[in-house]
Amino acid sequence: FLAFESQYKYGNLFKAMALAKILKKRNISYIISSHSKDINLMVICKKLLNNQIKTIYIQQMVVGIIKKDLLHNIIYSNLDAWVAPLQSIANETLNNTNLKEKKIHIIPLAINVDVFLNAKLKQKEARKAFNLDENTFWIGTIGRLDPGKGQEFTIKAIKILKAEINIIT
């Protein structure tokens, strides 16, 4: 594992040269990143090393804007693999880029749910541990607030439930 940072959006040739030198010296054959800003750096390194390394991007967010211009076409065509966590995100990527479908691989980001299913704390104990009122209905989310995650839908549903059923105070 090697952490390497570049603050430039479209890559930094000097940083790419330094990284390429390290990759060659350590005989590293893959660059994997989950930060979209690193794609350019990876591709520049690949070119500096005469395509002797494989470049893999692990997507974490949708490609929300169309990136079918010449620059993005060149950059994305030099990636060896693009990993998307969901089919819907892969579809969005295919719609908004000219990335070849054969380069996209769907690997769900997952957690071991057994940790939660076999939790030692029961609901009552967990509420006490987190200082949550036992008589209140709690809804939570893990992750960022994002329109694609459905939090807005939940808020609207709660408003409807409150108005129609009057179970939430």
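# A tour from one salt bridge outwards

Begin by selecting lysine 46 and aspartate 80, whose side chains meet in a salt bridge with an N to O distance of 2.7 Å. Since lysine 46 belongs to helix α2 and aspartate 80 to the loop between α3 and β3, the pair ties together parts that are 34 residues apart in sequence. Keep in mind throughout that what is on the screen is a predicted model. The two partners differ in how they are covered: lysine 46 is buried, with a relative accessible area of 7%, whereas aspartate 80, at 28% relative accessibility, counts as partly exposed.

**The whole chain**

Zoom out and colour the protein chain by secondary structure, which shows seven helices and four strands. Followed from the N terminus, these elements come in the order α-β-α-β-α-β-α-β-α-α-α. If you then colour by accessibility, buried residues account for 25% of the 169 residues in the chain. Among contacts between residues at least 6 apart in sequence, 54% join residues at least 24 apart.

**Helix α2 and its surroundings**

Return to the helix that carries lysine 46 and select residues 39–48, the extent of α2. Seven of the ten residues of α2 are buried, and the helix is thus described as mostly covered. Against which elements do the buried residues of α2 pack? Show Ile39, Asn40, Leu41, Met42, Val43, Cys45 and Lys46, which are the buried residues of this helix, and you will find them packed against α1 (13–25), β1, β2, α3 and β3. Just after α2, select asparagine 50, where the backbone takes a positive phi of about 55 degrees.

**The strands β1, β2 and β3**

Now select strand β1 (residues 30–33) together with strand β2 (residues 54–58); the two run parallel and are joined by four bridges. Within this pairing, tyrosine 30 stands opposite lysine 54 in β2. Adding helix α2 to the selection completes a right-handed β-α-β unit made of β1, α2 and β2.

Extend the view to strand β3 (residues 81–84), which pairs with β2 in the parallel sense over three bridges. Here the residue to pick out is isoleucine 58, whose bridge partner in β3 is valine 83. The chain passes from β2 to β3 through helix α3 (residues 70–77), and this β-α-β crossover is right-handed.

**Glutamine 60**

Move along to glutamine 60, in the loop between β2 and α3. At 44% relative accessibility, this residue counts as partly exposed. Display the side chains of glutamine 60 and serine 34, which are joined by a polar contact of 2.9 Å. Then draw a distance between the C-alpha atoms of glutamine 60 and leucine 109: these residues are 49 residues apart along the chain, yet the atoms are separated by 9.0 Å.

**Two buried charged residues**

Next select lysine 103, in the loop between α4 (87–96) and β4 (104–106). Which side chain of opposite charge is nearest to buried lysine 103? It is that of aspartate 80, 5.9 Å away, and lysine 103 has no salt bridge. With neighbours within four places in sequence left aside, lysine 103 is in contact with Tyr76, Ser77, Asn78, Leu79, Asp80, Ala81 and Trp82.

For the second case, go to arginine 127 in helix α6 (residues 123–129). Arginine 127 is likewise buried without a salt bridge, its nearest side chain of opposite charge being aspartate 133 at 6.0 Å. Switch on the backbone atoms, however, and the oxygen of aspartate 133 appears 2.6 Å from a polar atom of the arginine 127 side chain. Beyond the neighbours within four places in sequence, the contacts of arginine 127 are Leu132, Asp133, Glu134, Asn135, Thr136 and Trp138.

**The other salt bridge**

A search of the whole structure finds two salt bridges, and the tour ends at the one not yet visited. Select lysine 156 and glutamate 152, which form a salt bridge in which the closest N and O atoms are 3.2 Å apart. Both lie in helix α7 (residues 151–164), and because they are four residues apart there, about one helical turn separates them. In an α-helix there are 3.6 residues a turn, so residues three or four places apart point the same way. Glutamate 152, at 48% relative accessibility, counts as partly exposed.

Definitions and conventions. Residues numbered from 1 in each chain as written. Predicted model: local features only at pLDDT ≥ 70, side-chain atom pairs only at ≥ 80, totals over all residues. Heavy atoms only, no water. Buried < 20%, exposed > 50% of the residue type's maximum accessible area, 1.4 Å probe, protein only. Lys, Arg positive; Asp, Glu negative; His and termini not counted. Salt bridge = Lys/Arg side-chain N within 4 Å of Asp/Glu carboxyl O. Polar contact = N/O pair within 3.5 Å; in protein donor to acceptor, adjacent residues only side chain to side chain. Contact = heavy atoms within 4.5 Å. Pairing = 2+ DSSP bridges. Right-handed = clockwise from strand over helix to strand, strands pointing away.
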